[in-house]
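Please walk through this structure with me, moving from its aromatic rings to its metal site and then to its strands. Keep the sequence and the model side by side as you read.

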Amino acid sequence: MPLTRWLAEYAWLPEHAEPTPDVLIEAEDGRITAVTPLVGDGAPAAGVEVLREAVRLPGLTLPGLANAHSHAFHRALRGRTHGGRGDFWSWRDVMYTVAARLDPDSYLALARAAYAEMALAGITCVGEFHYLHHGPGGTPYADPNAMSAALVEAAAHAGIRITLLDTAYLAAGVDGAPLTGPQRRFGDGDALRWAERVSGFTPEDDHARVGAAIHSVRAVPAEQLATVAGWADRQGRPLHVHLSEQPAENDACRAVHGCTPTRLLADHGALGRHTTAVHATHPTSADLTLLGDSRTGICLCPTTERDLADGIGPARRMAEAGSPLSLGSDSHAVVDLFEEARAVELDERLRTRRRGHFTAAELVTAATVAGHAALGWEDAGRLSVGDRADLVTVRLDSARTAGVPPVGTFFAATAADVTHVVVDGRTVVAEGRHLTVDVPAELSAAIEELTRP
Ligand SMILES: [Zn+2]
């Protein structure tokens, strides 16, 4: 790819407490080659010709946003499970109904549209926590990784990167009960067979990587946790795990194993700086210490936790214990990392009845560089030389953002304010439109197909 130059009205540079005005960003072959603030010494050096050629980016330009926790097919449930009463468990039954209808072709269509919606929202990389592996009844497809391949292809069509977190889902409960009904499509039998299958999935495309996931201590028997964790460790891959989203999981784990889910994961070698615990909504103080001391990351999904009545995780205590925080849209009730980011601060205010727990820069870090690191992309999420050329521009002249100082963007903007998205140097979204996918039309068609009575 040739040298490209962008002139950002404002850009959020690494380690800065607030955005910098008038920044020239240059990239070649998908990597940032220069970042030059023009206020001060930069302007004369850049030259008038260079500035004239540069693509103008009015508004605030951020590094790429990382959506560290996604189940793409949950997008089909938006607005269908929100009325009436019910809880996480009744929601899960509806989710299984959609899961039962998916095959590699229909999942490609749905995920392509869902990932393109993410691109429109400024998400340049997704962590897909993928457990819908097999055909009806649990029979493997001719290619046992056909569903994974569909998701990787979907991300390519949408123009974003993906870390396919291939998820071990082996049991129906902490007591090791066998999978039944729709859950049978998730299972590989045991962790060794899971490892064998995932080892055979080696996408060659530049935009995709493969990581591992333990669905939860509910779904992987204790004696098999180390097999999954060891596979990820030996391969140097990220390992993700749903953790303590519900008090019921803690209770069941205590009843069967006499300890919390976090302690169980620690005892089987599943925590560490390459591990990300998703949710961790109901940890004990000792759990927070185990997570923080091991530098285990925590992915918060506030809009989903809100939607499912999960509760509010102790985000500030997590960060202070030493866990890097990242963000995910999880069930896709909302796909908007600005909303996820500010919810980390705002939910903490509701919980503590105090304000000012996280700085704006900390929220930007969670939405960008920390999320990319949690997904194994250590060279993304910063506007700095050598990093991947991911640019996300947010307009500051919409009804929501007009008059807002650039530093306040994360407290005002929504995904609809994203105008321009560049992934690995390629423009994916311009003037608020996805360049290759008609997102609303494709979402409608894919979801109608899956939810028809
Ligand atoms: Zn999840």
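Ring pairs join Phe73, Tyr96, Tyr107, Tyr131, Tyr169 and Phe186 into a cluster, where rings of Phe, Tyr and Trp (its six-membered ring) are taken to pair if their centres lie within 6.5 Å, and where planes under 30 degrees apart count as stacked, over 60 as edge-to-face and the rest as tilted. The model is a predicted one, in which local features need pLDDT of at least 70 and side-chain atom pairs count only at pLDDT 80 or more, while totals for chains, interfaces and linings use all residues. Residues are numbered from 1 along each chain as its sequence is written, and side-chain values use heavy atoms, with hydrogens and water left out.

In total the structure holds 8 aromatic pairs. In one of these pairs, the ring centres of Phe338 and Phe410 are 5.0 Å apart and the planes stand at 55°, so the pair is tilted. This pair links distant parts of the chain, 72 residues apart, since Phe338 belongs to helix 13 (residues 337-352) and Phe410 to the loop between strand 13 (391-394) and strand 14 (418-423); helices (H or I, at least four residues) and strands (E, at least two) are DSSP runs, numbered from the N terminus. Phe338 is buried, with a relative accessible area of 0%, and Phe410, at 0% relative accessibility, counts as buried as well, given that buried means under 20% relative accessible area, exposed over 50%, and partly exposed in between (1.4 Å probe, protein chains only).

Rings also take part in contacts with charged side chains. The charged end of Arg316 sits over the ring of Phe358, 4.6 Å from its centre, a description used if NZ of Lys or CZ of Arg is within 6 Å of the ring centre and within 35 degrees of the ring normal. The charged end of Arg161 likewise sits over the ring of Trp377, at 5.2 Å from its centre. Both Arg161 and Trp377 are in contact with His207, and, leaving aside neighbours within four places in sequence, His207 also touches Val152, Ala155, Ala156, Ile160 and Ile162, contact meaning heavy atoms within 4.5 Å. His207 itself is found in the loop between helix 6 (191-199) and strand 8 (208-214), and it is buried, with a relative accessible area of 11%.

Which residues act as protein donors of the zinc ion? They are His69 (NE2), His71 (NE2), His242 (NE2) and Asp330 (OD), lying 2.1 to 2.7 Å from the ion; donors are N, O and S atoms within 2.8 Å of the metal (3.2 Å for Na, K and Ca), and, as water is not among the atoms, sites may look incomplete. The 4 donor atoms subtend angles of 84 to 173° around the zinc ion, and the arrangement is therefore irregular. Four donors would count as tetrahedral if all angles lay between 85 and 135 degrees, while four count as square planar and six as octahedral if opposite donors are over 155 degrees apart and all others between 65 and 115, anything else being irregular. In sequence, the donor residues are spaced H-x1-H-x170-H-x87-D. His71, in the loop between strand 5 (65-70) and helix 3 (88-101), and His242, in strand 9 (residues 239-243), are 171 residues apart and thus form a pair that links distant parts of the chain. Both His71 and His242 are buried.

The strands can be followed next. An open sheet of 8 strands has the order 3-2-1-4-13-14-15-16, with mixed pairing, two strands being paired if DSSP finds at least two bridges between them. Its edge strands are strand 3 (31-37) and strand 16 (433-434), each of which pairs on one side only. Strand 1 (residues 4-11) and strand 4 (residues 55-63) run parallel and are joined by 5 bridges, and Thr61 in strand 4 is the bridge partner of Ala11. Strand 4 and strand 13 run antiparallel, with 4 bridges between them, and Leu62 stands opposite Val392 in strand 13. Strand 13 in turn pairs with strand 14 in the antiparallel sense over 4 bridges, where Val392 has Val421 in strand 14 as its bridge partner.Two loops between these strands hold residues with a positive phi. Asp29, in the loop between strand 2 (20-28) and strand 3, has a phi near 50°, a positive value in a residue other than glycine, and it is exposed, with a relative accessible area of 54%. Glu431, in the loop between strand 15 (426-430) and strand 16, also has a phi near 50°, and at 77% relative accessibility it counts as exposed.
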